[in-house]
Amino acid sequence: MNYKTRIIFTALLVIFTAHYASAQRTMSGQSSLRASSLFNGRSVCAEAFYERYTLGGYWDAGVTTNNFALPVGNLSVKVADLTAAGGYMHRLAATRSRSLNLYAGGGILAGAELVDPLKEIPDYISSGAKAVDFIYGIYARLCAEWFWSQRVGMVFHGSVPMVFNSYGSVLRWNVGAGIKIVL
């Protein structure tokens, strides 16, 4: 890229991200929808959340899936979680235009855990777990959002849920990326 092209590109980038109206996307009371893919070290999962901004962050409520496999003897038992979650994220840092924001926070979750949901293991082999069980827990999350337009942005996050009453591990981790649409 030559010198003039760099200057024009930089000027457009500054105008695009620093104009006054761009800070309105995260104003108190503004709602958004977020859909993300998660990776937990064993599989790719999904989540969808409704979020509402406050003066210093946002609260969210939504649904998360989590899938993994556990060894039982020579077999692998598949486990699927479906949880409802909600919490609060506090804004740690942001650019003046609010096009890039960093949040930290946490929340609670509750839902159902299905052990061998597709019935792949024969009945004569016992996994030692209930077919469906209630799970609950808490989570901590770190999240970065980057808006490339007035209403649409990318979200990158990592979370550490602590899930109780689970057939799998109590302490887990997830990293994810998704899209956020401001309503």
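Begin by selecting S99, which counts as buried at 7% relative accessibility, because the cut-off for that term is under 20% relative accessible area. The model on screen is a predicted one, and S99 has its place in the loop between β4 and β5. Add S149 to the selection and draw the C-alpha to C-alpha distance: S99 and S149 lie 8.3 Å apart in space, although 50 residues separate them in sequence.

Stay with that loop and move to R98, a residue in the turn of the hairpin that β4 and β5 form, where a positive phi of about 60 degrees is found and where 5 residues stand between the two strands. Now extend the selection to both arms, taking residues 75-94 for β4 and residues 100-115 for β5; these strands run antiparallel and are joined by 15 bridges. To follow one of the pairings across the hairpin, pick G86, whose bridge partner in β5 is I108.

From β5, continue to the next strand, β6, which covers residues 132-147 and pairs with β5 in the antiparallel sense over 15 bridges. A convenient place to check the register is A110, which stands opposite Y136 in β6.

The last stop concerns the cysteines. Select C143, which is buried with a relative accessible area of 1%, and then C45, likewise buried, with a relative accessible area of 4%. How many disulfides does the structure hold? The structure holds 0 disulfides, so no pair of cysteine sulfur atoms lies within 2.5 Å.

Methods
Residues numbered from 1 in each chain as written. Predicted model: local features only at pLDDT ≥ 70, side-chain atom pairs only at ≥ 80, totals over all residues. Heavy atoms only, no water. Buried < 20%, exposed > 50% of the residue type's maximum accessible area, 1.4 Å probe, protein only. Pairing = 2+ DSSP bridges. Helix = DSSP H or I, 4+ residues; strand = E, 2+ residues; numbered from the N terminus.
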